[in-house]
Each structure stands twice: as structure tokens, then as C-alpha cells.
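Open the model in a viewer and keep the sequence panel visible. The stops below are meant to be selected in turn.

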Amino acid sequence: MAEQKASTEDHKNVIANQGSQQGQPQNNAVSPYRKIEAYLVRMKPQLEMALPKDFDADRLTRIALTTFKMNPKLLDASVESLIGAVLQSAQLGLMPNLLGSCYFIPYTNKQTGETTVSFQIGYKGLIDLVYRSGNVLYVRANAVCENDEFKYRYGINEELDHVPAPKNRGNITHFYAYAKLKNGGHYFDVMTVDEVNQIRDRHSQAFQGAKKYKNEQNSVWVQHYEEMAKKTIIKRMIKYLP
């Protein structure tokens, strides 16, 4: 490609210089929403550089602003933090809070009072990224409950069979993901709830931070547990995909 996409660091430098440019809002009375709206409008060229081909910067801006309006807690964060989340969304070509593609999650440090925004890929966004490889026909992820019919076996004669109970399925016991490849092959992986939770507790900085400051209820792992668990099993499975 003749034109390289701007890096996140490049965008941070742009943000840092925005305040000194003519027309940038300087009035402290400007609402946080209008302030971030003005930044996003001015940063349209940078967003277009970051977005994959055929993705619309205007649409991303509209969806991001709607996301901020629906969750005013996000507007407590700094402009840099908000723009950083939008840029990550742009670079991956995922629209925030749209059908579980990705999320902007506000976290407040109770000791300092500062709010930051965490960018989280949703499981549907992860599937979208897998499809873009061009080697996968489809990916699915499902939860298994204690009253479902479920059996699986790894090895030469591997097997995966799941029949959900028609009602009263009970508590979730497992998650699994499978992929059908264009070459005719397939792959699947299975995790217990305990395995998923161990990965969450060990590797999710967002969950660890929320737990540390006793703010678990605002964690994406609490608000969207099943989606995050599906993302976890998909992430482990795609390590073995083309």
C-alpha cells in the first residue's frame, strides 16, 4: 500500500495539538458531549486514515456519539481517553455497541477519581475479524446448560454434539466454539465455566481493576458475561485457524 495507516501514537499527537488549532473549543463551559463531538468532526481525516477500506468515518462518528449519549459516564473521561477508544474502533473497523462488535467501558479509579475508557472487542466483533481472513466460512459460539444434551470428544474421531433443552435449561456449565473452513476442514474447542473464569481472573485487566475498586457491577464481565465468555473461547480457538 502506498498510503500507510496512521498509528495510535500519531493520533495521540494529533489530539495533543488540537487545542492550539483555530476553531477548537476552548470555553470550559462547553459540555463534554459537544467538546468530544467537535474533536471527532475535526479528526475525520485521521479517522478515515485509520478505518479499513469501505468503512465510513461519518457513520463511526455518529455511532460513537450515540454511545457517549447513552452512557453519560463515558463523558467523565478525558478527551484523549475517549478519542483513543474511537481510534481503536476505527483501526479494527468495528462499530461500538453495535450488535456486540465492541464496547466502550468507563472505569473510575476510586482513589484518584479519574475515569478512563477501556476498549473491549465483543465476540461478534472477533468473529467479524476472523471472517476477514478469507479462510473461514463461519464461526459459532454457544453456551451449554446443565439440562442440555451435550457430548464432545477430541482425537482422530473427534465429535461435538449439542441439543439444548427445550425449557428449564439450568445453569451454564460449558462454552464451545467451532469453525468451518473453506478447505472443508473444521475445528472446535470446549471450555468449562471454571476455565473461562480462571482466564478472566488471570488475564482481564479491566475485570481485575473493577474488582480492585469494588466496581464489578460496571464490569463488562458482569454486564455481558455470556458474550465475554464466548469471546474467550473463540480467542483460544482461532489460534489454530488459518
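The tour goes from the whole chain to a sheet, a hairpin, a pocket and two loop residues.

This is a predicted model, in which local features need pLDDT of at least 70 and side-chain atom pairs count only at pLDDT 80 or more, while totals for chains, interfaces and linings use all residues. Residues are numbered from 1 along each chain as its sequence is written, and side-chain values use heavy atoms, with hydrogens and water left out.

**Whole chain**

Colour by secondary structure: the chain has 10 helices and 7 strands. Helices (H or I, at least four residues) and strands (E, at least two) are DSSP runs, numbered from the N terminus. Of the 242 residues, 43% are buried; buried means under 20% relative accessible area, exposed over 50%, and partly exposed in between, with a 1.4 Å probe and protein chains only. Among contacts (heavy atoms within 4.5 Å) between residues at least 6 apart in sequence, 62% join residues at least 24 apart.

**The three-stranded sheet**

Select β3, β6 and β7. They form an open sheet of 3 strands in the order β3-β6-β7, with antiparallel pairing; two strands pair if DSSP finds at least two bridges between them. β3 (136-145) and β7 (186-192) stand at the edges with a single partner strand each, so one side of each has no neighbour in the sheet. Neighbouring strands of this sheet are turned by 10 degrees against each other on average, direction ignored. Axes here are lines fitted to C-alpha atoms, for helices over the stretch in contact, and angles run from 0 to 180 degrees between N-to-C directions.

Now zoom in on β6 and β7, which run antiparallel and are joined by 7 bridges. Pick His174 to find one bridge partner in β7, Thr192. Add α10 to the view: this helix packs on the sheet, touching β3, β6 and β7, and its direction makes about 45 degrees with that of β6.

**The β4-β5 hairpin**

Next select β4 (residues 149-153) and β5, an antiparallel pair with 5 bridges. Which residues of β5 face Phe150 and Lys151? The bridge partner of Phe150 is His162, and Lys151 stands opposite Asp161. The two strands form a hairpin with 5 residues between them, and Gly155 in the turn has a positive phi of about 120 degrees.

**The largest pocket**

Select Gln120, His203, Ser204, Lys231 and Lys235, which lie nearest the centre of the largest pocket among its 18 lining residues. On a 1 Å grid over the protein atoms alone, a pocket is an open set of points where a 1.4 Å probe fits, with protein on both sides within 12 Å along at least five of seven lines; lining residues have an atom within 4 Å of a point. The volume of this pocket is about 540 Å³, counted as the space filled by probe spheres set on the points, which are joined across faces, edges and corners.

β2 (115-121), α7 (193-203), α8 (205-212) and α10 (225-238) each supply at least two lining residues. The largest share, 5 residues, comes from α10, the helix that also packs on the sheet.

**Two loop residues**

Most residues other than glycine have a negative phi. Finish with two that have a positive value.

- Asp54, in the loop between α3 (44-50) and α4 (57-70), has a phi near 75 degrees and is exposed, with a relative accessible area of 76%.
- Asn168, in the loop between β5 (159-163) and β6 (172-181), has a phi near 50 degrees and is exposed at 64% relative accessible area.
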